[in-house]
Amino acid sequence: MPTTAAIENIMPVAEALELSVVVPIFNEQESVVPLIDRVMEAMLGYASPWELILVDDGSTDATIANAREYVGRAGLNLKIVALQRNFGQTAAMQAGIDAARGRLIATLDGDLQNDPKDIPMLVSELERRELDLLVGWRKNRQDGLFLRKVPSWIANRLIGKITGVRLHDYGCSLKIYRASVIKQVKLMGEMHRFIPAWVAGVVPSTRIGEMPVTHHARQFGASKYGISRTFRVILDLLSVMFFMRYKARPGHFFGSLGLGLGALSGIIMLYLFVDKFLLGNDIGTRPMLMVGVVLLLSSVQLITTGILAEMIARLYYRDEQNPNYIIGKVYTAE
């Protein structure tokens with residue numbers, strides 16, 4: 001445990017940083033140098049101290065080598081967090097957020113489609129509107145219509161309807177957060193698309209806003225995402241809906257289903273009991289008897305699953321400090 005003197009030496013550094021710019025990158029050897037240049041150019045007029053954190057998600061090309069040329073450069077507080085292997089964009093973003101020391105955190109993609117020049121404007125707007133999260137809206141999106149825009153439009157409408165957080169563009173990586181809020185959210189799986197929904201579980205949705213931002217066509221390489229992600233979004237959305245409503249009480253979800261099926265089974269069994277013992281009819285070969293038995297067994301299984309889920313939830317809350325990524329190396333000028 002650090003001593004009081006050590007904590008006092010650390011705290012001024014953390015408090016002095018106003019903004020952390022977090023960029024997950026994966027095999028972006030052509031984009032990473034112009035990305036750093038554009039971030040530096042965009043932040044020239046930013047009066048407060050800031051840092052740039054590049055999180056390399058297990059790149060197999062020259063991405064890290066190209067980025068390391070900027071470590072220690074004057075006027076740039078750059079940290080490169082290299083993950084031990086490819087963990088996915090969500091884990092990379094979580095690693096960057098964990099490493100960030102700024103009071104505010106900005107995230108953007110590393111493919112040059114987000115414009116870093118929008119960051120100071122978004123920061124000012126977040127402060128002016130007193131928000132905890134400001135999401136970029138790619139109003140004039142430079143992507144393919146049927147493979148990117150249409151699936152994204154459908155997903156945004158569906159996500160907004162289910163989560164209750166109404167935004168035009170959930171998928172835009174350009175966002176500004178208050179660090180004290182986003183650090184309360186643990187990102188897992190491929191849940192980076194649903195960050196506004198997760199944040200809504202920490203703060204009121206009225207403290208989440210959006211703002212149009214610039215969007216450029218990809219200049220180098222190819223997109224890491226295809227039409228297949230639409231199906232993953234649907235599956236993830238079901239998980240989001242479950243976690244938003246039943247994360248702390250999963251037994252209520254499974255138990256409610258179990259009790260419902262148990263009640264239906266009880267009605268069927270009562271009807272068959274009357275039919276057998278009061279009316280004297282044969283029920284041994286009737287399909288309704290099989291349906292009643294199956295419903296009863298399903299009810300028992302769901303209720304016991306709910307109990308197990310409650311036990312797992314308690315273990316989750318006990319161990320939720322465990323990260324979902326492994327850092328290989330960290331490159332910094334300090």
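Buried here means under 20% relative accessible area. Keep that cut-off in hand for the tour. The model on screen is predicted.

**Stop 1: strand β2**

Select residues 50–56, which form strand β2. How many of its residues are buried? The count is 7 of 7. Now colour the two faces separately. Trp-50, Leu-52, Leu-54 and Asp-56 are on one side. Glu-51, Ile-53 and Val-55 are on the other. Both sides are covered. The split follows a general pattern: in a regular strand, side chains alternate between the two faces of the sheet.

**Stop 2: the neighbours of β2**

Add residues 19–25, strand β1. β1 and β2 run parallel and share 7 bridges. To find the register, pick Val-21; its bridge partner in β2 is Leu-52. Follow the chain from β1 and you pass through helix α2, residues 32–42, before reaching β2. This β-α-β crossover is right-handed.

Next add residues 78–83, strand β3. β3 pairs with β2 in the parallel sense, over 5 bridges. Which residue of β3 is the bridge partner of Leu-52? It is Leu-78. Helix α3, residues 63–68, belongs with β2 and β3 in a β-α-β unit, again right-handed.

Keep α2 in view. This helix lies across β1, β2 and β3. Its direction is at about 165 degrees to that of β2.

**Stop 3: the whole sheet**

Show every strand. The open sheet has 8 strands in the order β7-β5-β6-β4-β1-β2-β3-β8, and its pairing is mixed. Which strands are at the edges? They are β7 (208–212) and β8 (327–332), each pairing on one side only. From one strand to the next, the twist averages 20 degrees.

For an antiparallel pair, select β5 (residues 133–137) and β6 (residues 175–178). They are joined over 3 bridges. Leu-133 stands opposite Tyr-177 of β6. Now bring in helix α5, residues 118–128, which packs on the sheet. α5 touches β1, β4 (104–107), β5, β6 and β7. The directions of α5 and β6 make about 45 degrees.

**Stop 4: two loops beside α5**

Most residues other than glycine have a negative phi. Two loop residues here go the other way. Select Leu-112, in the loop between β4 and α5. Its phi is near 70 degrees. Leu-112 is buried, at 2% relative accessible area.

Then select Glu-130, in the loop between α5 and β5. Its phi is positive too, about 55 degrees. Is Glu-130 buried or exposed? Glu-130 is exposed, with a relative accessible area of 54%.

**Stop 5: a chain of charges**

The whole structure holds 11 salt bridges. Start with Arg-103 and Glu-127, whose side chains meet at 2.4 Å, N to O. Arg-103 is in the loop between α4 (89–99) and β4, while Glu-127 is in α5, so this pair ties together parts 24 residues apart in sequence. Arg-103 is partly exposed at 38% relative accessibility. Glu-127 is also partly exposed, at 29%.

Step on from Glu-127 to Arg-178. This salt bridge has an N to O distance of 3.1 Å. Arg-178 is in strand β6, so the link to α5 spans 51 residues of sequence. Arg-178 counts as buried, at 14%.

Where does Arg-178 lead next? Its side chain also meets that of Asp-132, at 3.4 Å, N to O. Asp-132 is in the loop between α5 and β5, 46 residues from Arg-178. Asp-132 is buried at 7% relative accessibility. Select Glu-18 and Arg-207 as well: shared partners join them with Arg-103, Glu-127, Asp-132 and Arg-178 into one network.

**Stop 6: helix α10**

Finish on residues 250–278, helix α10. At 1.5 Å a residue, its 29 residues should span 42 Å; the end C-alpha atoms are 41 Å apart, which agrees. Buried residues of α10 include Gly-255, Gly-258, Ile-268 and Leu-272.

Pick Leu-264, in the same helix α10. Leu-264 is partly exposed, at 42% relative accessible area. Its C-alpha atom is 9.9 Å from that of Val-291, a residue 27 places away along the chain. Just after α10, stop at Gly-280, where phi is positive at about 75 degrees.

Technical notes: Residues numbered from 1 in each chain as written. Predicted model: local features only at pLDDT ≥ 70, side-chain atom pairs only at ≥ 80, totals over all residues. Heavy atoms only, no water. Buried < 20%, exposed > 50% of the residue type's maximum accessible area, 1.4 Å probe, protein only. Helix = DSSP H or I, 4+ residues; strand = E, 2+ residues; numbered from the N terminus. Pairing = 2+ DSSP bridges. Right-handed = clockwise from strand over helix to strand, strands pointing away. Expected span 1.5 Å × (residues − 1). Axes fitted to C-alpha atoms, helices over the stretch in contact; angles between N-to-C directions. Contact = heavy atoms within 4.5 Å. Salt bridge = Lys/Arg side-chain N within 4 Å of Asp/Glu carboxyl O.
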